[in-house]
Amino acid sequence: MKNAVIGNNKQKANLIVLGAVPRLLYLLQQETSSTELRTECAVVLGSLAMGTENNVKSLLDCHIIPALLQGLLSPDLKFIEACLRCLRTIFTSPVTPEELLYTLRHWHSCGFKSSPQPLLCANGPDHQTILFNHGAVQNIAHLLVSTSYKVRMQALKCFSVLAFENPQVSMTLVNVLVDGELLPQIFVKMLQRDKPIEMQLTSAKCLTYMCRAGAIRTDDNCIVLKTLPCLVRMCSKERLLEERVEGAETLAYLIETDVELQRIASITDHLIAMLADYFKYPSSVSAITDIKRLDHDLKHAHELRQAAFKLYASLGANDEDIRKKIIETENMMDRIVNGLSESSIKVRLAAVRCLHSLSRSVQQLRTSFQDHAVWKPLMKVLQNAPDEILVVASSTLCNLLLEFSPSKEPILESGAVELLCSLTQSENLALRVNGIWALMNMAFQAEQKIKSDILRGLSTEQLFQLLSDSDVNVLMKTLGLLRNLLSTRPHIDHIMSSHGKQIMQAVTLILEGEHNIEVKEQTLCILANIADGTTAKELIMTNDDILQKIKYYMSHSNAKLQLAAMFCISNLVWNEEEGSQERQDKLRDMGIVDILHKLSQSSDPNLCDKAKTALQQYLA
């Protein structure tokens, strides 16, 4: 049977149809079967699993996994190895649900002593925790000093997967001793230049993941002097395409959140210029006649561009000089613009990330971004893209809509209001935040028409929805939008004449609700803006409930809230404006003047000054 099925998918399918799998599993599980017979059964099942995806489905339907896992408890190494090989084949198939392995936990009893090929690969924190709790770290650690290169590599790969974005595992790994040496020291030895490239890269990954998980400091020598230079080396022309991709992506992850590492990387081995080569591949499609080779090369061309964009995005995340160097790299802006319309979704996402990183530069927004009309392809991306791209693209749009950006006007003219208003209704939190954030930037010092368009596009109902959003970021940005809409007197009066009732209602709700200091402060600042209107201030003066709230916050324990309430009062009592006498009298009757006198003695200089200024309005 074994000889018949090796390399023959048709024979494999025939045997499965004839009902061989249940019979083989029966023999495999019978304790009366000899070890040789059970081993041969596992080998044949492994061979069947190497066929089509339907074969694997048939094996799974016969409950092969519990049977194989049970086999790992055998004392016979050859039988265990045959079971492991079969399990590995099944679990590398896309049709096998990974969860199966993590709900059946027999695997740890074999202690990883039997096979040079650890079968497990954790996918996500739950799987990592299961493996960690079942002693995976201790069981794998001793394999790092095995005499077999294959075993060392598999152990190393296991550690890289276990440590990824997992502080618990990473903190443990830092203190694990193997033959008297700490794991990080072993990893550093494994990334030395005389070691195989695969080993260097995987060790660098382990150290990178431990660093990002907070187990190793970013200024530790093993990161600055060993891991980072090793990863930069992997980006050079001498390396294979796969290695260049992996090196750049790992380096992008290592430096993503640390300014100092970004600066060190940017001046190591001319990295910024080195990455430009990633876009020059394949150099000539027409010269490649072999179709398989062409597919391979095009796939790597995509991966190279994606990796380069990712690394450029990390490099330019914080430093203005680095961004300038990136943008001055040959044809960089053209490459990003082309990247935004690539067929590969991963390349598009990485290009948008790179653009977002560079859009943090005021200088570049005014020059390169304008020269290349970057907003056009960006708006196109926003019309129809998956959420992960939409999130980064809308973050970039927020920057392009800042008041000093020359792109702001053309973006407005291209129907951005409607697009952003629709984002605020998204179920995706990041998209809601970005939609409202971009509208807030758009409304800053904008013309009345734009402000009216925003209010019309949002609708009062949606505005209330956003003001009652459970996420504080959405709430703060919505309040920021309201504050920007209600600036400059004619605009304040115009907006409050049509939306005053609803806005006052929203303000009341927030001041009464359980919100943090920042939210309340922002809300009081909106009231101060309304109090600056000519006709709008009457909406406050005729609302005793709101006046009592302002009075309450003037005596609050938090100085920020006191100051914000004082701005409201100052605007209401300003004596150069019509009706100021009546307003002053009403506020005096409420006891506001007494509070002002108290505050004029405050130890806080801002409060003291503001109170004295308000009292002067009464005297003038």
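This report walks through two domains, two helix pairs and a handful of single residues in a predicted model.

## The two domains

Let's start with the broad layout. The domain assignment splits out domain 1, covering 1–108, and domain 2, covering 512–619. If you take the C-alpha centre of each, domain 1 and domain 2 sit 78 Å apart.

## Helix 3 and helix 6

Now for a pair of helices. Helix 3 runs over residues 20–29 and helix 6 over residues 64–71; their axes come within 10 Å and cross at roughly 25 degrees. Angles under 35 degrees count as roughly parallel, so helix 3 is roughly parallel to helix 6. As for handedness, helix 3 crosses helix 6 in a left-handed way.

Which residues of helix 3 and helix 6 meet? On the helix 3 side you'll find Leu-25, Leu-28 and Gln-29, and on the helix 6 side Ile-64, Ala-67 and Leu-68. Sorted by class, this contact of helix 3 with helix 6 has five nonpolar residues, one polar and no charged. Gln-29 is the polar one, because Gln is not on the nonpolar or charged lists.

## Helix 11 and helix 13

The second pair is helix 11 (residues 149–163) and helix 13 (residues 183–190), with axes that come within 13 Å and cross at roughly 120 degrees. Is helix 11 roughly parallel or oblique to helix 13? The range from 65 to 115 degrees counts as roughly perpendicular and angles over 145 as roughly antiparallel, so this crossing makes helix 11 oblique to helix 13. The crossing of helix 11 and helix 13 is left-handed.

At the meeting point, helix 11 brings Arg-152, Leu-156 and Phe-159, while helix 13 brings Leu-183, Phe-187 and Met-190. The residues in this contact of helix 11 with helix 13 come out as five nonpolar, no polar and one charged. The charged one is Arg-152, because Arg counts as charged.

## Three aspartates in loops

Next, have a look at some loops. Asp-277 lies in the loop between helix 18 (271–276) and helix 19 (291–315). Is Asp-277 buried or exposed? Its relative accessible area is 19%, and buried means under 20%, so Asp-277 is buried. Setting aside neighbours within four places in sequence, Asp-277 is in contact with Lys-237 and Arg-244.

Asp-179 belongs to the loop between strand 1 (177–178) and strand 2 (181–182). With 68% relative accessibility, Asp-179 counts as exposed. Asp-179 is 37 residues away from His-142 in sequence, and their C-alpha atoms are 8.1 Å apart in space. Asp-269 sits in the loop between helix 17 (259–266) and helix 18. At 44% relative accessibility, Asp-269 counts as partly exposed.

## Positive phi angles

Backbone angles come next. Most residues other than glycine have a negative phi. Asp-269 has a positive phi of about 50 degrees, although it is not a glycine. Ala-373 also has a positive phi, near 40 degrees, and is a residue other than glycine. You can find Ala-373 in the loop between helix 24 (368–371) and helix 25 (375–383).

## A residue in helix 39

Where is Thr-613? Look in helix 39, which spans residues 605–619. Thr-613 has a relative accessible area of 28%, so it is partly exposed. Thr-613 and Leu-596 are 17 residues apart along the chain, with 9.6 Å between their C-alpha atoms.

Methods:
Residues numbered from 1 in each chain as written. Predicted model: local features only at pLDDT ≥ 70, side-chain atom pairs only at ≥ 80, totals over all residues. Heavy atoms only, no water. Axes fitted to C-alpha atoms, helices over the stretch in contact; angles between N-to-C directions. Helix = DSSP H or I, 4+ residues; strand = E, 2+ residues; numbered from the N terminus. Left-handed = near helix turned anticlockwise from the far one by under 90°. Contact = heavy atoms within 4.5 Å. Domains from an automatic or database assignment. Buried < 20%, exposed > 50% of the residue type's maximum accessible area, 1.4 Å probe, protein only.
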